Amino acid sequence: MKSINFATISIIFFVLSFYSSDARGKTNGFNRNIAHDVKDTIKSAKRNLAAIDPPVLLASGDQTYCPQTTLNIVTGITINHDPAETGTQALYIQVSSGYSGGFDKLELSNPASHPSIVTSWDATAGKLKLSSPTGVDVLYSDLEAAVRDVVFSNSSATASGTRTFSITIGQANYLPSTQHYYLFIPSIGITWTAAKTAAEVSTYYGLKGYLANILSADEAQLIGEQASGTGWIGGSDSETEGTWKWVTGPEAGTKMIYTFWNNGEPNDQGGNEDYAHVTQPGIGIKGSWNDLSNTGSLNSGDPYQPKGFVVEYGGMPGELPLQIAASTKITIPEVQPIMPQPICDSGSFTITTAPATGITINWYDVPTGGISLGTGSSFTTPILNTTKIYYADPGCEAKRKAVTVTVNPTPDIPTTTNPIVSRCGPGSVALQASSNIGTINWFTTATGNTSIYTGVNFSTPTITTNTTYYAEASNNGCINSTRIPVDIVIYAPPAVTEEKDIPLCEGRDVILDAGITGMEYLWSTGATTQTIKVITGGTYTVEVKSPAPENCPSTKTITVQEHLIPKIDRIETNGTTATIYLAKEEEYYEYSVDGFTFQDSNTFYDVPGGLQTAYIREKNGCEGTTQDFVILVFPAFFTPNNDTFNDVWEVNGMENYPQAQVTIFDRYGKLLTELTASKMFWDGTFNKIPLPASDYWYALRIDNTKPVIRGHFTLKR
């Protein structure tokens with residue numbers, strides 16, 4: 001049953017009353033295109049105040065698309081309309097989901113065949129407008145014919161995904177996934193509350209309007225990125241700060257689950273930013289929204305000054321979907337071949353793909369062109385003995401995907417230049433093996449077990465006994481199971497003993513011995529005999545090497561200390577104590593004053609008076625030296641009583657100094673007598689008169705080179 005289209009009339013008159021035009025034809029908040037469309041709609045409504053049913057669009061087309069080609073967006077289109085209304089002002093075709101700005105494009109393929117229609121492409125919205133060049137209504141039959149010739153293209157070779165096309169009568173954007181309509185109403189400076197009221201009193205072909213609610217990525221892209229401007233949407237946290245809800249339309253009272261806030265938003269600056277506003281292009285993340293106060297910025301030109309609002313139609317209780325829109329879809333086919341496991345030497349492969357619906361896969365062995373080798377989600381190759389590349393084609397040559405089937409040859413048995421490796425003593429050993437291809441794995445057993453190292457050169461851990469390792473060749477999992485052994489033989493180096501401080505007598509020689517017979521020798525002097533004769537002190541080394549096949553060297557070090565003939569510097573005496581001083585003291589010297597008893601100390605006590613001899617010799621039998629010295633003994637007392645004991649006072653040893661002279665004084669300094677080589681003692685008289693018992697003093701002058709020795713003694717009666 002037909003009915004008067006009051007919905008159309010109501011939105012037209014609402015919009016006109018909300019946005020009046022000035023005398024010059026400019027509109028407050030509308031661009032000229034929208035104003036033109038509204039005026040055309042008004043004229044059409046005035047012509048059709050009789051009961052007229054809205055048109056019904058039916059379109060078909062679920063196709064595959066190859067990038068960088070063109071494809072008609074429909075395979076069929078029908079516009080069923082009221083006989084009283086044969087045309088309309090415009091028809092809109094939009095890439096309503098999956099739109100790739102800058103690459104996707106809609107256009108009329110042969111405009112010359114459609115003289116009653118002009119096109120306008122909005123690259124931001126992804127929308128193509130078909131309208132009259134003269135402003136009169138375009139026949140629905142002409143629009144049908146034009147839609148059949150509208151083609152889609154994408155300029156990117158790597159394009160992917162699905163595109164949905166909405167074909168609709170009317171300015172509003174149609175989204176097939178929701179079957180809702182979306183219209184951006186420009187109005188600079190409008191408040192959120194005013195926008196909410198305006199949206200809720202508007203209708204679109206009988207559908208009640210409300211500020212748009214964004215529940216999916218499709219809606220976010222269509223409203224946030226493809227809409228013609230920025231503006232208010234139906235979200236707010238005015239009820240509870242921080243809890244954002246949709247407050248208009250059928251979702252009123254539900255939380256904003258799909259939130260695509262701009263960076264740092266919502267930030268509620270000033271505590272009153274409670275309303276959601278689609279972000280102006282160029283500010284933050286494209287298509288996102290942020291929070292503003294009810295008025296937004298009041299500064300003209302500010303990116304946060306409201307530019308209008310987005311009205312959504314559809315989904316309200318009791319409403320049935322309009323049929324003034326239809327949709328078609330294209331899918332850019334993709335195929336994901338699954339790489340098969342490599343094989344060894346030769347064999348065939350079965351290549352499969354991930355599940356793909358609605359496409360036919362052809363198999364090729366060239367990246368472009370060629371003859372199909374088979375069709376289906378799997379392909380079995382012939383027997384191959386080399387690696388080869390095949391291609392899965394989902395119906396677009398540009399979307400062919402390469403899959404490499406790998407044939408790895410099994411390597412030859414490995415080889416080594418040193419099947420037996422010897423070492424002198426414990427330590428690491430460098431092993432080497434090679435193969436014609438692949439790599440080398442090393443094992444401790446001839447079969448089984450786990451590889452301990454991978455590589456052609458293997459440095460073992462410390463080896464102390466004879467050991468065997470095994471080399472196995474492998475090429476990407478293709479293994480030659482025949483392992484070759486590499487034997488390690490550990491030889492013990494000659495056991496040498498260091499020798500220190502071998503004595504060498506001055507002016508003589510000493511024989512040095514390597515200490516082991518039957519070896520090869522190399523002395524630091526260049527000699528190659530087991531023993532050498534040396535005549536100087538120092539450090540000597542000899543490399544002692546065992547005969548082949550061992551050839552293990554050890555180095556012996558011998559230090560030779562030359563022992564010099566001792567040289568006496570002086571002998572100092574003090575009473576019966578004598579100290580022998582050498583020109584150079586050494587630990588290997590020992591001393592004696594009788595030629596029989598030797599000691600390490602150079603000081604002797606209680607040496608008998610008279611002429612003595614000092615003996616110095618080297619402890620190991622090297623040449624020594626001697627020197628005479630005199631011990632002078634001054635008796636402490638004498639008793640001239642003719643008992644034959646201590647009857648005279650004499651200096652024991654004075655006889656060794658012919659020039660020596662002793663003068664004797666009493667306590668008053670009176671010279672009593674002189675002793676010389678001709679008179680060696682004193683009998684205690686003065687002028688043959690016995691002197692009394694008392695202490696007397698003496699002074700001994702040996703010669704003019706030595707100091708005078710003074711002292712005293714006692715005469716006892």
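In this predicted model, strand β12, which spans residues 161-169, is mostly covered, with seven of its nine residues buried. Two partner strands can be described for β12. Strand β6 (residues 90-97) pairs with β12 in the antiparallel sense, over six bridges. Within that pairing, Leu 91 lies opposite Ile 169 of β12. Strand β22 (residues 325-332) also pairs with β12 in the antiparallel sense, here over eight bridges. A reader following this pairing in the structure can look for Thr 164, whose bridge partner in β22 is Lys 329. Strands of a sheet pair through backbone hydrogen bonds, either parallel or antiparallel.

A small example of an antiparallel arrangement is the open sheet of three strands in the order β3-β11-β7. The edges of this sheet are formed by β3 (70-72) and β7 (104-108), each of which pairs on one side only. On average, neighbouring strands here are turned by 30° against each other, with direction ignored. The pairing of β7 with β11 (residues 150-154) is antiparallel and comprises five bridges. It places Lys 105 opposite Ser 153 in β11.

A further open sheet has four strands, in the order β39-β44-β43-β41, and its pairing is mixed. Its edge strands are β39 (499-505) and β41 (520-523); each has a single partner strand, so one side of each is left without a neighbour in the sheet. From one strand to the next, the twist averages 30°. At the β39 edge, five bridges join β39 to β44 (residues 553-563), and these two strands run parallel. Glu 499 can serve as a landmark in this pairing, since Ile 558 of β44 stands opposite Glu 499.

Turning to the helices, α4 covers residues 192-201, and its buried residues are Trp 192, Ala 195, Ala 198 and Ala 199. These four cover an arc of only 125° around the axis, which puts them on the same side of α4. The general geometry of helices helps to read this pattern: an α-helix has 3.6 residues a turn, so residues three or four places apart point the same way.

The structure also holds four disulfides. When the bonded cysteines of the chain are numbered in sequence order, the pairing reads 1-3, 2-5, 4-7, 6-8. Three of these links, including that of Cys 344 and Cys 478, are described in turn below.

Cys 344 is joined to Cys 478 with an S to S distance of 2.0 Å. The torsion about their S-S bond is about -100°, so this disulfide is left-handed. The link connects distant parts of the chain, 134 residues apart: Cys 344 belongs to strand β24 (residues 343-344), and Cys 478 to strand β38 (residues 478-491). How buried or exposed are the two ends? Cys 344 has 34% relative accessibility and therefore counts as partly exposed, whereas Cys 478, at 1%, counts as buried.

Another disulfide joins Cys 424 to Cys 552, again with the sulfur atoms 2.0 Å apart. Here the torsion about the S-S bond is about -90°, so this disulfide is left-handed. Its ends are 128 residues apart in the chain, with Cys 424 in strand β32 (residues 420-424) and Cys 552 in the loop between β43 (538-545) and β44. The relative accessible area of Cys 424 is 27%, which makes this residue partly exposed. Cys 552, at 0% relative accessibility, counts as buried.

The link between Cys 505 and Cys 622 has an S to S distance of 1.5 Å. With -80° about the S-S bond, this disulfide is left-handed. It too links distant parts of the chain, 117 residues apart: Cys 505 lies in strand β39, and Cys 622 in the loop between β49 (610-618) and β50 (625-631). Cys 505 is buried, with a relative accessible area of 11%. Cys 622 is buried as well, at 8%.

Two of these disulfides lead back to the mixed sheet. Strand β39, an edge strand of that sheet, carries Cys 505. The loop between β43 and β44 holds Cys 552, and both of these strands belong to the sheet.

Notes:
Residues are numbered from 1 along each chain as its sequence is written. This is a predicted model: local features need pLDDT of at least 70, side-chain atom pairs count only at pLDDT 80 or more; totals for chains, interfaces and linings use all residues. Side-chain values use heavy atoms; hydrogens and water are left out. Two strands pair if DSSP finds at least two bridges between them. Axes are lines fitted to C-alpha atoms, for helices over the stretch in contact, and angles run from 0 to 180 degrees between N-to-C directions. A disulfide is a pair of cysteine sulfur atoms within 2.5 Å. Buried means under 20% relative accessible area, exposed over 50%, partly exposed in between (1.4 Å probe, protein chains only). The arc is that of the directions from the helix axis to the C-beta atoms.
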